[in-house]
Structures are given as structure tokens and as C-alpha cells.
Amino acid sequence: EANALLPLYEAISNARHAINERFGDDDPPGKGRIDIDILRTKLEDGSTPVVEFGVTDNGIGLNEENYVSFCTPFSQHKIKKGGKGIGRLGWLKVFQTISVSSAFSNGGTLEQIAFNFVLREKNQIDTKEPSGGSPKEPGTTVRLRDFADSYGTRCPVKTDTIVQRIIGHFLPVFAGDKSPHMYLHDRGVVDLRKEFKD
């Protein structure tokens, strides 16, 4: 169960780092925002397992420096924040389909990049045309789809359980009041900061 959620934690952690990079380490509680989407399917037995996670932030985006870091295994880019440069590789262990879209500022204008992150020996990045309308601000969305092997059956089903796991994983962040606004969307909206305080 813990391994099934590791890619979600990694995506949330990346979103936090991007928000810190855009707004500064002390301001995320004010301006930063992370939205976590849960998509489900309904099976014949009535159960509704999770089939996809989406994590969207309003951080700095995948500018040239961050994109190069993303494409570099064992990157030292986030070493001061505790990053080891390998977390996103875990996405490929648990999920079969990973898509990333991002908007970032370049010389005062907003540019976009979109790609699929693919499990193969070389060229793990498949770039594609960004979809949707023009972004209003920087930010990134990561979508994790299609559980590999048995991970899907290990993923928690109850919304409350997923909420508790996320809060538990990022407990020092919530306890230190350093969390950006964080909302989980699944059969309603859960404010994770409020849930922690309650």
C-alpha cells in the first residue's frame, strides 16, 4: 500500500519545491496551491478503485533549468532540499502512463511544454503539443495513470485513508505551517490544511 502511493507523494513534493522556488520558502502558506485529483472507475461488483492521480501546482514551472534537471537521473538540482534526483523514476515502477504539462515564464512571456514520461532505456521523454487554453500563470500538472502489476489493488480506496496517508507523509510540513493550500478532489473537496488542524 505504501509503495502504491509513493509516486503521489513524489509529485506533491515536486509541486511544493516548485511553489517554494516561485514564491520563496516562507510564503507558500499564502500564495502556493496544490490540487490533487483522484479519478476512479466503477467495477461490476460496485467497487470504485482509483485509476489515476493528478497533481497540479502554481509553482515556477518546468523552465529550462528544471526541465534539464527532470531529464537527468541523479540530478543534484534539489540536493539542498533533500531531493536525490531519482523520485520520479518510481513513477515508472508503479504507473504505466505518466503525462506532464507545464507553463513557465521566459523573458516575461509564458511558454508551455508537455510530454509523456516513458519507461525505456533511452529517450524517456516524448514531447507533445500542449492541450487546453493559454495558461494565466506558471504551474505544472502531473497525471499518473494505469497502475502497473499489482499496485492498483494495493492502492487505498477510501478518501479518508488517502487523506490520512498524505497528511502523515508530510506531517512536518503541515505541523510547521509551511504547507501551501492543498486540496484533494474526490467525491467532494477536502482542504488538507484544515483537515490536519481539525
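Select aspartate 177, which at 44% relative accessibility counts as partly exposed. In this predicted model, aspartate 177 sits in the loop between helix H7 (171-175) and strand S7 (181-185). Look at its backbone: phi is positive, about 55°, although the residue is not a glycine. Most residues other than glycine have a negative phi.

**Aspartate 146**

Next, go to aspartate 146. Here too the residue is not a glycine, yet phi is positive, about 60°. Aspartate 146 lies in strand S6, where S6 covers residues 139-147. With a relative accessible area of 39%, aspartate 146 is partly exposed, because that value falls between the 20% limit for buried and the 50% limit for exposed. Show its side chain together with that of threonine 97: a polar contact of 2.7 Å joins the two.

**Threonine 97**

Stay with threonine 97, which belongs to strand S3 (residues 95-106). Its relative accessibility is 26%, so threonine 97 counts as partly exposed. Which residues does threonine 97 touch, not counting those up to four places away in sequence? They are Arg143, Leu144, Arg145 and Asp146. Draw a C-alpha to C-alpha distance from threonine 97 to arginine 145: the two are 5.0 Å apart in space and 48 residues apart in sequence.

**The second largest pocket**

Keep S3 on screen and turn to the second largest pocket, which holds about 380 Å³ of space. To find its centre, select Ser101, Ser102, Gly139, Thr140 and Thr141, the closest to it of the 24 lining residues. Then colour the elements that give two or more residues to the lining: strand S1 (33-40), strand S2 (50-57), S3, strand S4 (109-117) and S6. Which element gives the most to this lining? It is S3, with five residues.

**Phenylalanine 53 and the nonpolar core**

Now select Phe53 and Ile166. In the largest nonpolar core, which has 43 residues, these two touch the most other members. The largest share of this core, eight residues, comes from helix H1 (residues 2-23). Expand the selection around phenylalanine 53, leaving out residues up to four places away in sequence. Its contacts are Leu5, Leu8, Asp37, Ile38, Phe95, Val142, Arg143, Leu144, Phe147 and Cys155. Arg143 and Leu144 are also among the residues that threonine 97 touches.

**Asparagine 58**

Move on to asparagine 58, in the loop between S2 and helix H3 (64-70). Is asparagine 58 buried or exposed? Asparagine 58 has a relative accessible area of 10% and is buried, since buried means under 20%. Its side chain reaches the backbone oxygen of lysine 31 at 3.0 Å. Beyond its neighbours within four places in sequence, asparagine 58 is in contact with Ile19, Arg22, Phe23, Lys31, Gly32, Arg33, Glu137, Pro138 and Gly139. Gly139 is also one of the residues closest to the centre of the second largest pocket.

**The whole chain**

Finally, zoom out to the full chain, which contains eight helices and eight strands. Of its 198 residues, 44% are buried. Show the surface: the chain exposes about 10800 Å², and carbon and sulfur atoms supply 49% of that area. Among contacts with a separation of 6 or more, 65% are between residues 24 or more positions apart.

Definitions and conventions. Residues numbered from 1 in each chain as written. Predicted model: local features only at pLDDT ≥ 70, side-chain atom pairs only at ≥ 80, totals over all residues. Heavy atoms only, no water. Helix = DSSP H or I, 4+ residues; strand = E, 2+ residues; numbered from the N terminus. Buried < 20%, exposed > 50% of the residue type's maximum accessible area, 1.4 Å probe, protein only. Contact = heavy atoms within 4.5 Å. Polar contact = N/O pair within 3.5 Å; in protein donor to acceptor, adjacent residues only side chain to side chain. Areas by Shrake-Rupley, 256 points an atom, 1.4 Å probe, with all protein chains shown as cover. Core = buried A, V, L, I, M, F, W, Y, C linked by side-chain atoms within 4.5 Å. 1 Å grid on protein atoms, 1.4 Å probe; cavity = no way out; pocket = protein on both sides within 12 Å on 5 of 7 lines; lining within 4 Å. Points joined across faces, edges and corners; volume = space filled by probe spheres on them.
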